[in-house]
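Me: I have a chain to look over at the bench. Can you take me through it in short questions and answers?

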Amino acid sequence: MLKSTFTPILSIITPKPTTSKPSKIFTKAFSQSPPTVRKNDSHNPSTTTPPHNLPPVSAYIHLPFCRKRCHYCDFPIVALGSSFTPPPEDDPRILNYTQLICREIEATKPECYPTPPLETVFFGGGTPSLVPPRLVSDIVEALRLKFGLCLDAEMSMEMDPGTFDAEKLKGLMELGVNRVSLGVQAFQEEMLRGCGRAHGVKEIYEAIETVKSCGVENWSVDLISSLPHQTPEMWEESLQLVIEAQPTHVSVYDLQVEQGTKFGILYTPGEFPLPSETQSADFYRMASTTLSNAGYNHYEISSYCKGGFECKHNLTYWENKPFYGFGLGSASYVGGVRFSRPRKMKEYMGYVQSLETEVVGCGGNSVDAKDVAMDVVMLSLRTARGLDLKSFRNSFGSSFVASLCKAYRPYVKSGHVVCLDEQRRPVTANEFSSLLSKDDGIEERLAFVRLSDPDGFLLSNELISLAFQAIAP
């Protein structure tokens with residue numbers, strides 16, 4: 001599981017996706033017969049309902065097991081040992097944990113009833129592919145009984161080279177896993193060793209061949225840029241080899257040096273052997289140009305896909321929709337409240353026990369209108385679609401839109417911010433300035449605001465911060 005490029009947005013990955021907060025318990029009873037697998041047509045919310053007020057239809061499951069901790073990783077994991085091979089079915093560490101997750105799912109009170117079936121499920125970690133399919137099946141069944149699963153639900157799993165074979169992958173596919181996120185990170189042995197990965201290049205090619213031979217149509221490759229001692233030539237090679245592998249999706253992450261990690265002890269961002277900020281920006285531009293030229297759509301700051309292969313689960317985050325989270329350190333956004341589970345196993349066990357007895361009280365990080373507005377701006381500007389001004393205006397008022405547009409005026413002129421009309425045709429900087437001078441010019445002409453690719457995305461932190469200042473001065 002990797003953090004998103006530049007600013008980590010949510011504590012679920014990130015992905016996705018951190019401070020642990022008490023959970024909110026939903027008191028609405030759920031006493032009817034459990035839902036079953038259903039077609040994805042069970043709820044038709046009004047088109048005027050803001051996304052954050054919709055019932056959750058996505059679930060993130062954290063499976064924390066790894067062979068060892070990578071040097072950049074600060075996620076809550078359970079290291080099984082670098083010589084660890086795929087475990088037997090009754091490994092107590094994995095068995096006990098999956099049972100704990102099933103208990104958490106069972107004890108969770110749905111946000112509403114009838115609850116809409118889940119449309120996306122994402123198994124992140126950790127290395128979820130270390131978990132035997134039989135135990136994954138228990139979790140899938142717990143989700144089905146509690147919430148229901150759409151027949152066409154997207155079910156993603158993060159998998160590392162060297163942790164699965166064709167038999168295991170086929171077993172997972174039989175359970176409904178239909179999207180694989182392959183944690184490659186680099187195609188050079190020295191890069192893999194340098195960041196503490198448990199696999200080598202040979203295992204990468206074996207994993208790619210397994211994914212293809214098993215008929216997985218929807219699969220992604222993860223790469224990390226700005227690694228210690230990484231050169232432009234190495235980065236270009238990794239990008240080209242990914243393109244040759246022909247995944248339907250590519251995630252490109254800029255290394256984040258976190259306190260408490262081995263990299264955090266050894267290195268200082270921007271100092272050798274890490275690249276400078278300018279070099280990191282060049283890596284980002286190279287990825288954007290190379291993958292775009294190869295037919296990948298740069299639909300989110302860190303994400304590229306072939307047509308129609310966006311990660312539906314991650315779109316839940318970018319569109320600021322609610323989601324469930326289950327497992328160690330995972331986060332949820334339900335009922336207007338964001339909250340995270342404990343990151344330590346003993347505390348997480350206590351949390352589940354409290355949830356079962358309804359001892360855990362209401363809490364979490366509630367969001368008011370300005371908080372939601374800032375979330376919408378932050379998440380929308382990470383995407384190629386950008387911020388829908390009409391929807392934003394309907395939810396939060398015209399004054400926020402006017403303030404935002406005025407703040408972005410110099411960046412529209414510099415080309416870092418792009419304004420679009422209803423047909424997504426660009427509005428020139430001169431037109432934009434003219435519209436700002438009219439009382440209703442913005443409302444009549446502008447429909448979307450987005451950051452340019454790649455230069456606007458590279459300034460995303462600054463531009464999002466500027467938007468926050470405009471919304472909540």
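What follows is a set of questions and answers on this predicted model.

Me: What is the mean pLDDT of the protein chain, and where does pLDDT stay under 50?
Reply: Across the protein chain, 86% of residues reach 70 or more, and the mean pLDDT is 87. The model has 159 contacts beyond four places in sequence for the stretch where pLDDT stays under 50. That stretch is residues 1–46.

Me: Is strand E5 largely enclosed or largely open?
Reply: E5 covers residues 149–159. Nine of its 11 residues are buried, that is, under 20% relative accessible area. So E5 is largely enclosed by the rest of the structure.

Me: Which strands pair with E5, and do they run parallel or antiparallel?
Reply: Strand E4, residues 118–124, is joined to E5 by five bridges, and the two run parallel. Strand E6, residues 179–185, is joined to E5 by four bridges, also parallel. Within these pairings, Met157 of E5 stands opposite Phe123 and opposite Val180 in E6. The partners are E4 and E6.

Me: What is the handedness of the crossover from E4 to E5: right or left?
Reply: After E4, the chain passes through helix H2, residues 133–146, before reaching E5. This is a β-α-β crossover. Its hand is right.

Me: Which residues have the most contacts inside the largest nonpolar core?
Reply: That core has 86 residues. Ile101 is among those with the most contacts, and it touches Ile61, His62, Leu63, Ile139, Phe326, Gly327 and Tyr348, leaving aside residues up to four places away in sequence. Another core, of 37 residues, lies apart from it and includes Leu381 and Phe457. The residues asked for are Ile61, Ile101, Phe123, Ile139, Leu143, Trp219 and Phe326.

Me: How many disulfides are there?
Reply: A pair of cysteine sulfur atoms has to lie within 2.5 Å to count. Cys419 is in no disulfide: its nearest cysteine sulfur, that of Cys405, is 6.0 Å away. Cys419 is buried, at 1% relative accessibility, and Cys102 is buried at 18%. The disulfide count is zero.

Me: Which strands stand at the edges of the antiparallel sheet E15-E18-E16-E17?
Reply: The sheet is open and has four strands in that order. Strand E16, residues 417–420, is joined to E17 by two bridges, and Leu420 has Pro426 as its bridge partner. An edge strand has a single partner, so one side of it is left without a neighbour in the sheet. The edges are E15 (387–388) and E17 (426–427).

Me: Which residues do the cis peptide bonds join?
Reply: One has omega of about 15° and involves Gly126, in the loop between E4 and H2. Another has omega of about 10° and involves Pro273, in the loop between helix H7 and helix H8. The pairs are Gly125 and Gly126, and Phe272 and Pro273.

Me: What is the phi of Gln185, and what is the phi of Asn320?
Reply: Gln185 lies in strand E6, while Asn320 is in the loop between H9 and strand E11. Gln185 is buried, with a relative accessible area of 3%, and Asn320 is buried, also with 3%. Neither is a glycine, and phi is positive in both. The values are about 75° for Gln185 and near 60° for Asn320.

Methods
Residues are numbered from 1 along each chain as its sequence is written. This is a predicted model: local features need pLDDT of at least 70, side-chain atom pairs count only at pLDDT 80 or more; totals for chains, interfaces and linings use all residues. Side-chain values use heavy atoms; hydrogens and water are left out. Buried means under 20% relative accessible area, exposed over 50%, partly exposed in between (1.4 Å probe, protein chains only). Two strands pair if DSSP finds at least two bridges between them. A crossover is right-handed if, with the strands pointing away from the viewer, the path from the first strand over the helix to the second runs clockwise. pLDDT is the predictor's confidence in each residue, from 0 to 100. Contact means heavy atoms within 4.5 Å. A nonpolar core is a set of buried Ala, Val, Leu, Ile, Met, Phe, Trp, Tyr and Cys residues joined through side-chain atoms within 4.5 Å.
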